[in-house]
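Work through the exercises below with the sequence and coordinates at hand. Each task is followed by a stepwise solution.

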Amino acid sequence: MTFVDEMKNAVTPRAALLVIGVLGLQLLFIASYVGALHKPKPTDVAFGVVAPQQVSQQLITQLDGLPGGPLDPRTVSSEAEAREQIMNRDIDGALIVSPQGRTDTLLVASGGGTVLSSALERILTQVEAGQQRTVRTVDVAPASADDFDGLSSFYLVVGWCVGGYLCASILAISAGTKPANRQRALIRTAVMAVYAVAGGIGGAVIIGPILGALPGSVWGLAGLGALVVFSVGMITLGLEALTGIVGIGLAVLIIVIAGNPSAGGAFPLPMLPDFWRAIGPALPPGAGTWVARSIAYFRGNAVTGPLLVLSAWAVAGTALTLLLSMRREAGRDDESAGTAPPAGGSTAV
């Protein structure tokens with residue numbers, strides 16, 4: 001056998017295409033992670049200003065005109081309102097200007113990301129110094145001492161996402177990459193649901209009672225975990241039903257390559273470039289990370305939108321999986337009906 005024949009046997013055309021696809025994913029991985037994370041800087045951070053009326057507009061104009069546009073300032077009526085907006089995740093920080101003294105108060109929430117709260121403290125310290133004023137920082141939603149840089153919620157969600165697409169991939173590949181019939185698709189969906197519940201509870205127990213890395217409701221986190229795992233698993237099953245083994249690569253593209261760097265984990269969303277900031281909330285890692293932080297540090301506020309995003313992925317994946325299996329089964333039934341011999345006739349040999 002010649003070398004060319006050996007080459008054809010060792011690397012089939014299908015395998016060659018898959019290898020090229022893997023190379024593309026590898027390059028996209030590098031481009032996405034480095035593009036999103038190589039130069040983080042705050043941009044248009046939602047920021048409140050509580051100040052006497054005679055200086056409020058001037059201060060907002062000054063903050064809005066800072067080089068690079070780090071802040072998106074807006075007037076807030078009182079310190080109590082500013083605290084409430086931070087806890088509702090409407091703003092990421094606020095400056096409370098003292099009408100008598102020369103020391104103002106900066107409100108931050110390191111539970112939403114210590115990198116962002118540190119950046120706000122640095123920016124406002126410089127601004128205040130230029131006005132011969134000082135600033136003291138008050139953390140209204142502090143990150144746990146055991147949650148370094150507020151990363152625990154992100155890594156928890158990444159673990160759930162990895163479990164979701166790996167479980168789905170195993171379920172599909174173990175008996176062919178496309179569901180042969182509706183019954184098999186239903187079984188896979190049921191298994192995925194059971195796995196999601198187990199993964200959600202397990203992750204919440206590990207990060208809470210066992211490691212103490214993340215505060216908040218264990219059952220709230222467990223429910224979130226089940227939804228994250230199920231949504232990622234079902235969209236993976238749906239893509240595999242649609243495209244075969246290529247579906248695994250598409251799931252990696254959506255969840256790992258696009259989703260993880262845009263999730264606001266290592267750096268909160270206001271510190272990411274525009275593209276990643278735009279797509280992050282619409283993908284499972286970003287939606288899951290936002291909800292996990294809200295449960296842990298923000299009294300469970302502002303979770304409706306991200307939960308709807310996760311639910312939409314779950315519904316889309318389930319519908320795609322089941323509809324494609326029914327269509328495939330109907331096609332087989334039509335094929336069988338077309339080739340069946342007429343009543344009373346003989347079958348050709």
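**Exercise 1.** Which residues does Leu107 touch, not counting residues up to four places away in sequence?

Solution. This is a predicted model, in which local features need pLDDT of at least 70 and side-chain atom pairs count only at pLDDT 80 or more, while totals for chains, interfaces and linings use all residues. Residues are numbered from 1 along each chain as its sequence is written, and side-chain values use heavy atoms, with hydrogens and water left out.

Step 1. Apply the contact criterion, heavy atoms within 4.5 Å. Leu107 then touches Glu79, Ala82, Arg83, Ile86, Asp92, Gly93, Ala94, Ile96, Val138 and Val140.

Step 2. Place Leu107 in its core. A nonpolar core is a set of buried Ala, Val, Leu, Ile, Met, Phe, Trp, Tyr and Cys residues joined through side-chain atoms within 4.5 Å; buried means under 20% relative accessible area, exposed over 50%, and partly exposed in between (1.4 Å probe, protein chains only). The largest such core has 51 residues, and Leu107, Met192 and Leu224 touch the most other members.

Step 3. Look for another core. A second, separate one of 24 residues includes Leu66, Val97, Leu116 and Phe267.

**Exercise 2.** What is the strand order of the open sheet, and which strands stand at the edges?

Solution. Step 1. Assign elements: helices (H or I, at least four residues) and strands (E, at least two) are DSSP runs, numbered from the N terminus. The chain has twelve helices and five strands.

Step 2. Pair the strands, which requires that DSSP finds at least two bridges between them. The result is an open sheet of five strands in the order 2-1-3-4-5, with mixed pairing.

Step 3. Strand 2 (71-75) and strand 5 (134-139) each have a single partner strand, so one side of each is left without a neighbour in the sheet.

Step 4. Compute the turn between neighbouring strands: 25° on average, direction ignored. Axes here are lines fitted to C-alpha atoms, for helices over the stretch in contact, and angles run from 0 to 180 degrees between N-to-C directions.

**Exercise 3.** How many bridges join strand 4 to strand 5, and which helices pack on the sheet?

Solution. Step 1. Strand 4 (residues 103-108) and strand 5 run parallel and are joined by six bridges. Val108 stands opposite Asp139 in strand 5.

Step 2. Helix 3 (residues 53-64) packs on the sheet, in contact with strand 1 (45-50), strand 2 and strand 3 (93-96). The direction of helix 3 makes about 170° with that of strand 2.

Step 3. Helix 5 (residues 114-130) also packs on the sheet and touches strand 1, strand 2, strand 3, strand 4 and strand 5. The direction of helix 5 makes about 160° with that of strand 4.

**Exercise 4.** Ser152 and Asp274: which is buried and which is exposed?

Solution. Step 1. Ser152 lies in helix 6 (residues 152-173). Its relative accessibility is 14%, so Ser152 counts as buried.

Step 2. Leaving aside neighbours within four places in sequence, Ser152 is in contact with Asp146, Asp147, Ile207, Ala213 and Leu214.

Step 3. Asp274 is in helix 10 (residues 274-279). At 59% relative accessibility, Asp274 counts as exposed.

Step 4. For the whole chain, buried residues make up 44% of the 349 residues.
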